[in-house]
Amino acid sequence: MDKDQDAGVPLTKDGGASSPGDPPSDGPADRPPAAHPAGEGPAGDGGRGAGAGNERLRAFVTGAAYGMLALLGVVLGVVGSLHYGWTVGPVPLAAIVLVALNFGVLWLAGWGMRAKPGAAVPWVTWMAVVIAASSRRSEGDLLITGDLAGYLFIVGGMVAGGLAVALTRSAGVPGSWLLGPGVRDRP
């Protein structure tokens, strides 16, 4: 504390001691609000204010959604790699169903995120899993074999994923469905 404050001497608006002829001051209520340096709000947050927390939240939620979509692509790839070979007679029914399922899930992911990366992220992780599962290891093991069902699953899944990305319409801010109507109104 200042030596003048200990003595109870009131200070003027400019910070100096008051002279005997000045009217008494009630203290901080008479002082104008402190000016903040340019670009800084009252919390010293660089002018970001309450909107900065919303921006960080939006970025976090959108990143988490894309992370979950990447995980979804991995799950689709692993499940498909293990079950593509089911047939009904000579028809590889499971491979056909899995290709249609991949298209539907990837297109819905892009539609839900309102952006092409919403469909592309799970497609890329699906491809990574399927390519790894179809590669022969040094022991000779592989999950996806080079038969009709295997080729239909791999090539059909890649084409279906590409179509899902191509048919996804980008509209507005990616991930806006996660945070509600206020995000959709942004340019």
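Helices (H or I, at least four residues) and strands (E, at least two) are DSSP runs, numbered from the N terminus. The model is predicted, so local features need pLDDT of at least 70, side-chain atom pairs count only at pLDDT 80 or more, and totals for chains, interfaces and linings use all residues. Residues are numbered from 1 along each chain as its sequence is written, and side-chain values use heavy atoms, with hydrogens and water left out.

**Exercise 1. Place Val99, then state whether Val99 is buried or exposed.**

Step 1. Val99 is found in helix α3.
Step 2. Set the classes. Buried means under 20% relative accessible area, exposed over 50%, and partly exposed in between (1.4 Å probe, protein chains only).
Step 3. Val99 has a relative accessible area of 15%, so Val99 is buried.
Step 4. Look along the chain. Gly161 is 62 residues from Val99, yet the C-alpha atoms of the two are separated by 8.7 Å.

**Exercise 2. Describe the overall fold by its elements.**

Step 1. Count the elements: the protein has seven helices and zero strands.
Step 2. Read from the N terminus on: the order is α-α-α-α-α-α-α.
Step 3. Add the burial total. Of the 187 residues of the protein, 30% count as buried.

**Exercise 3. Find the salt bridges and compare the settings of their residues.**

Step 1. Apply the criterion: a side-chain nitrogen of Lys or Arg lies within 4 Å of a carboxyl oxygen of Asp or Glu.
Step 2. A search of the whole structure gives two salt bridges.
Step 3. Take Arg58 and Glu55. Their closest N and O atoms are 3.4 Å apart. Both residues lie in helix α2, three residues apart, about one turn of the helix.
Step 4. Check the cover. Arg58 has a relative accessible area of 13%, so Arg58 is buried. Glu55 is partly exposed because its relative accessible area is 36%.
Step 5. Take Glu139 and Arg137. Here the closest N and O atoms are 3.0 Å apart. Both Glu139 and Arg137 are exposed.

**Exercise 4. Which residues make the nonpolar surface patch, and what is its area?**

Step 1. Fix the patch rule. Patches are made of residues with over 30% relative accessible area and no salt bridge; like charges are joined within 9 Å, and nonpolar side chains (Val, Leu, Ile, Met, Phe, Trp, Tyr) within 5 Å. Accessible areas come from the Shrake-Rupley method with a 1.4 Å probe; for residues, only the protein chains shown count as cover.
Step 2. The members are Met68, Leu71, Val74, Val75, Val78, Val79, Leu82 and Leu143. The patch covers about 680 Å².
Step 3. Inspect one member. Val74 lies in helix α2 (residues 51-83). Val74 counts as partly exposed because its relative accessibility is 31%.
Step 4. Contrast Gly77, whose place is also in helix α2. Gly77 counts as buried because its relative accessibility is 0%. The C-alpha atoms of Gly77 and Ile131 are separated by 9.3 Å, with their positions 54 residues apart along the chain.

**Exercise 5. Characterise the largest pocket by volume and lining.**

Step 1. Define the search. On a 1 Å grid over the protein atoms alone, a pocket is an open set of points where a 1.4 Å probe fits, with protein on both sides within 12 Å along at least five of seven lines; lining residues have an atom within 4 Å of a point.
Step 2. About 170 Å³ of space lies in the largest pocket. A volume is the space filled by probe spheres set on the points, which are joined across faces, edges and corners.
Step 3. The lining has 10 residues, of which Gly110, Trp111, Gly112, Arg114 and Arg169 lie nearest the centre. Helix α3 (residues 93-113) gives the most, with four residues.
Step 4. Sort by class: five nonpolar, three polar and two charged residues. Ala, Val, Leu, Ile, Met, Phe, Trp, Tyr, Cys and Pro count as nonpolar, Asp, Glu, Lys and Arg as charged, and the others, Gly among them, as polar.
Step 5. Examine Arg114, in the loop between α3 and α4 (116-134). Arg114 has a positive phi of about 60 degrees although it is not a glycine. Most residues other than glycine have a negative phi.
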